[in-house]
Structures are given as structure tokens and as C-alpha cells.
Amino acid sequence: MTALAQSFADVSAPDLAATDAVALHHQVAQFLYLEARLADTHDYDGWEALWTDDAIYWVPANGDDTDPEKEMSVLYDNRSRIGVRIRQLKTGRRHTQTPRSELARVISNIEIAEVRGNEVEVRANVLIYEDNLRGDTLWAARNTYRLRMVDGGFRLVRKKIALVNNNKPIFTLSFLV
Amino acid sequence: MPQAAVSEAAASAGARDYRALIEPARINSRLYYDPAIFQEELEKIWYKTWVYVGHTSEIPNKNDYVTKSIGPMPVLMVRDKEGEVRLLLNKCPHRGNQLCAYQKGNRTSFTCPYHSWTFSNTGDLMGYALPDGYEGQSKAGLNLGKVPRIAIYRGFVFGSMAAEGISLEEHLGGAKAALDQLLDNSPTGELELTAGFLQHRTKANWKFMLENETDGYHPGFVHGSVFQVTSSGIGSLYGSDSTALTRDYGNGHTEFDLRPEWRKNDKPLQWFGTTPERLPEYVKAMNAGYGEERARQIMIDGSPHVMIFPNLFIAEIQIFVLQPVAVDETVQHVTAVQFKGAPDINRRLRQQTMGSVGPAGLLLADDTEMYERNHRGAQILDPEWLVLSRGLHRERLDDNGFRIAHSTDETPQRGIWRHYLNLMTEAR
Ligand code: FES
Ligand SMILES: [Fe+2]
């Protein structure tokens, strides 16, 4: 079972299908911008707090339709490993982020792919400019997000970052992507 | 390029004196960044000695192929129609076009997109388009290029671009035992490397990786952040009190041997940070495969940590393949070890591999940061010489006559450079 093919989890609470489409799109976009800003500014605690307990943070390798349960991914974290990753960054001795990457990312082409119950699946393109000791790197990805409405706000359930060049050798990817 | 500080012999092209750049316990920085030295390494190491190419389990079926490499050069590893493993060069003999543009697949023939010459997966030219233009000419000599020598040790496929030379067995020497140790951890004695490779692009000379793979001095510092936030308990393996050993097998092969620690503790699967209770299927299969007593010993000793010169690194649960692409750029290809007939441990092997290695790995991203800083630092003129003297006073020979020392000593690195000097100064 691939991560994003997994059936929608909690369909009890508020029905987002009843929300006005423009309002929903706006609310989704605001959430993606928040997540992007927290990642760009290395706000590790703020970023970690966005995730639900059943989170999956996934950067596939060798295409965007691989099975992360069987094949290697650049990154395939459950909630507990997200926590380890964040704690490592916060030691101050995660050498590849000491000094930290300078980052600015642009998110665009936001589309709501599916609404079911209190969850929404979103597609977006992202360009990330990274500057670090090595030099400048431009990252491009087609992202898929699953957001869940919890207590009046969105939380991040799944994030798949399909780097367009993930079938080629890529540089160290140690910032929050 | 800094000239002043380098001896005349070292700087003069064509007759570079490697003896003036490599001493038993220190080496000249130039070896890492000089493009002319890199070119000479291609000739004297990568396109000559035995180089690891791939594993037979990556091409399980007839007509499977996968794109691999020898140094910067792509190589097609193919299982032909008869089931024989071949190493073909991906260059159309007509006008040199890149023949196959895909990473892997299954096909009996390859057709060049430029003028449609078609080659069987044995490398033979089957036919060309519009053959009237070649009337009276022979097809002889128009086959795909081949890696002249291929040898397979228990599924590990090696190639050598030299038509003659020592056998693979002779090249592997004592390090062959480490490959056997890895395969002993499989209940069937076989691997299935089916999870695909991550490719980590690294802006550094390949020898920084070669040396670091068996450097037991760095983990406590480079990976201190991981030891701090996980309860792995492996940090102590890299301290002064560790009984782990570094070993120089000769021929450039080196090892970080943890068995003394595991044997002291006498706990099966401790090497993998787990217990037999957590992997019941695997333990059952191991007992069935080897008998309980032998299986217990294998599961105590664990998997090896060995660097097979110049490019195959077995890091207990990962297979790394180092590919130099330029003097200042290397690709680290890496996949999880997968044992045939052991699904429960395989799942954990993949998960731990994804967490620790590759571009986002909790461990390897920091190693790679060090490689890139190494490469930038090496180009600074002073000091010109880098020091590899750690543990010189406590080196000794093991029962097999291989040089060993404390886990944090630079015995492996000295061994690598000794072999490197031999290769670079060898008569043609
Ligand atoms: S270059 Fe391949 S057919 Fe002409
Ligand atoms: Fe390391």
C-alpha cells in the first residue's frame, strides 16, 4: 500500500465538502505558506507541531510512483522519526546544517485534488533556492499534501515531495523540505 | 594551481613522482585536487584494477539489464538470452551515440536511435538500417565494446578494463572473508538487492570517502548528534575503551571490525540493535539454515564493515558503491542489504537504511558535509602535508598476518595509500 493511496482516515468530524470552494482554497494556501515559512526559517518546533500522530513525510527516489514500503526513498519518516530528525537538528551538531542553509521557497499551482470528510488532498509545485557552504542549489518538486482539519485548523498528515530529478544523483538534502 | 610548495618532480606532468607525494604516515594534499592526478587514477586504477559493478540479483531474469558504471564510464550489466551475465559498454560503434538511455529494463536487443543499428544483448551487431550502403563490408569488429574481464564472487559482479592481471580472488585476498561474513547473515547465504539505489552527489574527491569508510576516529564527533538523540548505545564503540579493531587486509581493502565488542557482550543481534525475540522469523530461518549453534555465533558476530578497494563499501546493513565522476565530484550509490528469505529483517534493514544514509540520512549527510569541507580545505596551500600517524606505535599483526590496531587508529588509511602508491607507480 503506497502512502498516498491509503484510505482517508477520520471521516467523522467537519465535512470540508460543505465549505465554499474559494474559501477552502484560500485556507489551504494559507496553511501551505505557513508550513513553507516555518521550514525556510528553521522554526523546527513550529514545523514539527504541524504534524499529526499518523504523519508520513516522504521524499521518493527513482521516480514518483515507487512503493516506499519496498523501495528506497531519500526520506520516509513516520511521526517518531520526524521527531528524531528535529531533535538532531536542534543539537546544534547536525554539521550539514551548521551553519544552516539559507532558504527561500515558492509554492504555486495549488490544486485541491480531493476532499473527503475532514481531509483534503492538495497538489502544488515548489521551487526551493538553497544557499550553503557548498554553493547554491535549486530544488524543484511536485508536492502532494494531505491536510486534516483538527479543532478549526489544518494539520499535516502526509507530505510527499517528488523532486523532479530524483532519478539522478542529488546533493545533501538536510533542511526541512 | 599552487606550484611553489610542490616538489618539481610532483609538478611535472607525465612523470609525476608519487613517492614524493605519499609517505608511510603522511600524504600530500595535491593528491585530492589535482585534475591531472585524477586522469592518471582513471588509467591506473579505475580502468585497470578490479572494480565492483553490481549484483546478480539486480538482473534476476534473462534479458534484464541495469545501467552501472566503472569510474565515470557507464556500463550495461546485462543477463543475456542464455542467462549469462555480461558487461557491455553503452556506446554505439557507428558514430559513438549513447545507446541505452534507461536505468533498467528487460530487452533482448538494443537499437541505437541515431541510425538504427541494432545489437543483441550479447553485444553482437544484428543489423543496420539501409544495408545496401555497406555492400561488400564485413560486420566484424562492429560489436558493442565489452569490459574485457568479468568475475563474479557469490553474486558480486566485478569488472576489469585490463585484459590481463591478477584474478579477482587474488585481488580480494583476505577481504573475501568479509564478503562471506556478510552472506552468512542471510539464512539462504544469498542477497537480493532489489530496493533500488539512492544516489548522493558529493562535491569532493572520491578518496575522502574511501578513507572515511573505515575511519573509526570520526563517528564520536561527526555523528555525536545522532548518538545524543537516539538510544543506540553505539557511541561507545568509537571511544578509547573500545575493543573494536581497524584492519588493513592489503590490496587497499580495509575493515572496521566490531566483532571483539559483540563477542564480549555475547548477545545475538546486538550488532543490529535488536534481539532474537523481535525477529522470530529471521532467527527461525537462520537456525534452519545453519543449525542453532552456528546461527547464534553468526548473529553475535553480525555483518561486516569493510571497504573493498576501490569502490565497494559494506556498512553492515548497506551496500555503498563509490563512483568518481570528476576530481572534485563523486556519487555515493547506496542501497539496503536485503537477505533472500528473510522478510522481517529486510523491512527493518530498509527502514534503518533510509533513516541513516543517502542525501537526507541522519548519518551520511554529515559524513558528506565533512567530505565537501575536506575537499575545500585540501586546496589551501599550507600545510601541504596531511597526517595519518594515529596509532603507529600500537599496530600489530593478527593471526592471519593482517595489520590491526585500535578502532580509532589510522591503520586502514595508511594501508589504502600504500596500495595506491603501488598502483600509481606500477610499470604498465
Ligand atoms: S550512431 Fe548509432 S547507429 Fe549511427
Ligand atoms: Fe561516518
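The iron ion (ligand 2) in this predicted model takes its protein donors (N, O and S atoms within 2.8 Å of the metal, or 3.2 Å for Na, K and Ca, with water not among the atoms, so sites may look incomplete) from B:His218 (NE2), B:His223 (NE2) and B:Asp367 (OD, listed twice), lying 2.1 to 2.6 Å from the ion. Residues are numbered from 1 along each chain as written, with chains lettered from A and ligands numbered from 1 in written order. Local features need pLDDT of at least 70 and side-chain atom pairs 80 or more, while totals for chains, interfaces and linings use all residues; side-chain values use heavy atoms, without hydrogens or water.

**Iron site**
- The four donor atoms subtend angles of 55 to 147°, which makes the arrangement irregular.
- In sequence, the donor residues follow the spacing H-x4-H-x143-D.
- Both B:His218 and B:His223 are buried (under 20% relative accessible area, 1.4 Å probe, protein chains only).

**Helix 3 and helix 14 of chain B**
- Helix 3 (residues 35-46) and helix 14 (residues 411-425) of chain B pack at about 85°, with axes 9 Å apart.
- These two helices of chain B are therefore roughly perpendicular (65 to 115 degrees).
- Helix 3 of chain B contributes B:Ile37, B:Glu40, B:Glu41, B:Lys44 and B:Ile45 to the contact (heavy atoms within 4.5 Å), and helix 14 of chain B contributes B:Tyr420, B:Leu423 and B:Met424.

**Helix 11 of chain B**
- In helix 11 (residues 292-301) of chain B, the buried residues include B:Ala295, B:Ile298 and B:Met299.
- Its buried residues pack against helix 5 (176-184), helix 9 (259-265) and helix 10 (280-290) of chain B.
- Just after helix 11 of chain B, B:Gly302 takes a positive phi of about 75°.

Notes
Axes are lines fitted to C-alpha atoms, for helices over the stretch in contact, and angles run from 0 to 180 degrees between N-to-C directions. Helices (H or I, at least four residues) and strands (E, at least two) are DSSP runs, numbered from the N terminus. Angles under 35 degrees count as roughly parallel, over 145 as roughly antiparallel, 65 to 115 as roughly perpendicular and the rest as oblique. Four donors count as tetrahedral if all angles lie between 85 and 135 degrees; four count as square planar and six as octahedral if opposite donors are over 155 degrees apart and all others between 65 and 115; anything else is irregular. Buried means under 20% relative accessible area, exposed over 50%, partly exposed in between (1.4 Å probe, protein chains only).
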